[in-house]
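Biologist: I am new to this kind of model and would like to learn how to read it feature by feature. Could we open it together and begin with how the residues around a pocket are sorted?

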Amino acid sequence: MLLVSAGAFGVPPGPRPVAVGDLQVLHPDLRAGFEARWPLGLVAAGELALPPGAAELLTLLDVRDAAGNWDAVLVDGLSVDSLLSLRALAGTVERLWPEHQRIVHRSELTDTVSALQSALSSVEELLAGASVRLVITPSASTAVRETLTALALHGYAVDSVIANRMLPTAGPWATQVRAAQEEALAGLEPDVPVRRAPYLAAEPVSPDALLALGESVYGTADPLAPCVAPAPSVTRAGDEFELRLALPYVRRGSVTLARSGDDLLVTVGDQLRRLPLPSVLRRCVAVGASAGDGAVRIRFRPDPALWPREVPR
């Protein structure tokens, strides 16, 4: 098993994993990785600070390059905001500056953009097969619901929600706080397991301490059980088709839908996903939509101008 983490078990930054017990631990050397991957010759990488998002992108590129015959790869420390941005950024770059334009007007700058686009695309493929283990504070249920909706919109599978620092029921004050924590968790009701991590007196930095924490959180459950995000589905009802997108906690007033060629643009809050339509729906027009019960449903009707007519016999 490979653990990718900045500083876990005191492992120094380097290009290769270090054995720690049964684990292999990789501490990405972000500065060296940035200088090695920076392709623009006009400015030396050593003269630049890491731009926003570079640390997350470089970490995932190291994960991609370290891929091997691992039972699992665990990446520690990536924020939800970075996951959402990285999953969508490749498509944004391509929309703003398409590849064919970069080829026609080639320069050091366009080569840099192409290299960035290639890196983002490979990271997007890597993330498409990953699942998210969301660690939360058990008191901010509204923010957690919005986060779970955003992750589902971008196609992430959430394998569990871990409520961190749950207080023991020892004494009146701790019992009262624990009751408030449990009430916040009860308001979530997600379709994934909600696991509880106890409040510890010290950070679990040793392998033994982490194993003990894992046993407390997971018990007899498999912490590496596979998890797959529900894919958009199409069903037919009479003369119409229905496209269903699983989005937990979605509300009708928070969703905006638009059509752009063969793509469906789904916006929830400040998050947008460009979703390629299945081939059968590309020859249809949208006639209605609804949101609720954990999903957005869009109804389509065949476009008479694009569907072949039946020939009279």
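Modeller: Ala, Val, Leu, Ile, Met, Phe, Trp, Tyr, Cys and Pro count as nonpolar, Asp, Glu, Lys and Arg count as charged, and the others, Gly among them, count as polar. Please keep in mind that this is a predicted model. With that sorting, the lining of the second largest pocket divides into 23 nonpolar residues, three polar ones and six charged ones.

Biologist: How many residues line the second largest pocket, and which of them lie nearest its centre?

Modeller: The lining is made of 32 residues, and those nearest the centre are Ala 152, Tyr 156, Pro 230, Ala 246 and Pro 248. Two or more lining residues come from each of helix 6 (141–153), strand 6 (157–166), strand 9 (240–246) and strand 12 (271–276). The space inside the second largest pocket amounts to about 720 Å³.

Biologist: Before we look at single strands, what does the secondary structure of the protein chain come to?

Modeller: The protein chain has nine helices and 14 strands, and its C-alpha trace spans about 80 × 60 × 35 Å along the principal axes. Of its 313 residues, 33% count as buried.

Biologist: Strand 6 contributes to the pocket lining, so to speak of its surroundings, how many of its residues are buried?

Modeller: Eight of the ten residues of strand 6 are buried, and the strand is mostly covered. As a general idea, the strands of a sheet pair through backbone hydrogen bonds, either parallel or antiparallel. In this case strand 5 (residues 131–136) runs parallel to strand 6 and is joined to it by six bridges, with Val 135 having Ile 162 of strand 6 as its bridge partner. Strand 6 is also joined to strand 7 (residues 194–198), again in parallel, by four bridges, and here Ala 163 has Arg 196 of strand 7 as its partner.

Biologist: Which elements make the right-handed β-α-β unit?

Modeller: That unit is made by strand 6, helix 7 (residues 172–186) and strand 7.

Biologist: How should I read an open sheet, and what is the order of the one with antiparallel pairing?

Modeller: Follow the strands from one edge to the other: this open sheet of four strands has the order 8-9-14-13, and strand 8 (233–237) and strand 13 (284–292) are its edges, each pairing on one side only. From one strand to the next, the twist averages 25 degrees. Strand 13 and strand 14 (residues 295–302) pair antiparallel over eight bridges, and Ala 286 stands opposite Phe 300 in strand 14.

Biologist: And in what order do the strands of the open sheet with mixed pairing lie?

Modeller: Its four strands lie in the order 2-3-1-4, with strand 2 (18–20) and strand 4 (73–75) as the edges that pair on one side only. Neighbouring strands of this sheet are turned by 30 degrees against each other on average, with direction ignored. Strand 1 (residues 2–4) pairs with strand 4 in the parallel sense over three bridges, where Val 4 stands opposite Val 75.

Biologist: Finally, where is Pro 98 found, and why does Pro 98 count as buried?

Modeller: Pro 98 is found in the loop between helix 3 (80–96) and helix 4 (99–104). Pro 98 counts as buried because its relative accessible area is 15%, and buried means under 20%. Its C-alpha atom is separated by 32 Å from that of Gly 288, which is 190 residues apart from Pro 98 along the chain.

How values were computed: Residues numbered from 1 in each chain as written. Predicted model: local features only at pLDDT ≥ 70, side-chain atom pairs only at ≥ 80, totals over all residues. Heavy atoms only, no water. 1 Å grid on protein atoms, 1.4 Å probe; cavity = no way out; pocket = protein on both sides within 12 Å on 5 of 7 lines; lining within 4 Å. Points joined across faces, edges and corners; volume = space filled by probe spheres on them. Pairing = 2+ DSSP bridges. Axes fitted to C-alpha atoms, helices over the stretch in contact; angles between N-to-C directions. Buried < 20%, exposed > 50% of the residue type's maximum accessible area, 1.4 Å probe, protein only. Right-handed = clockwise from strand over helix to strand, strands pointing away.
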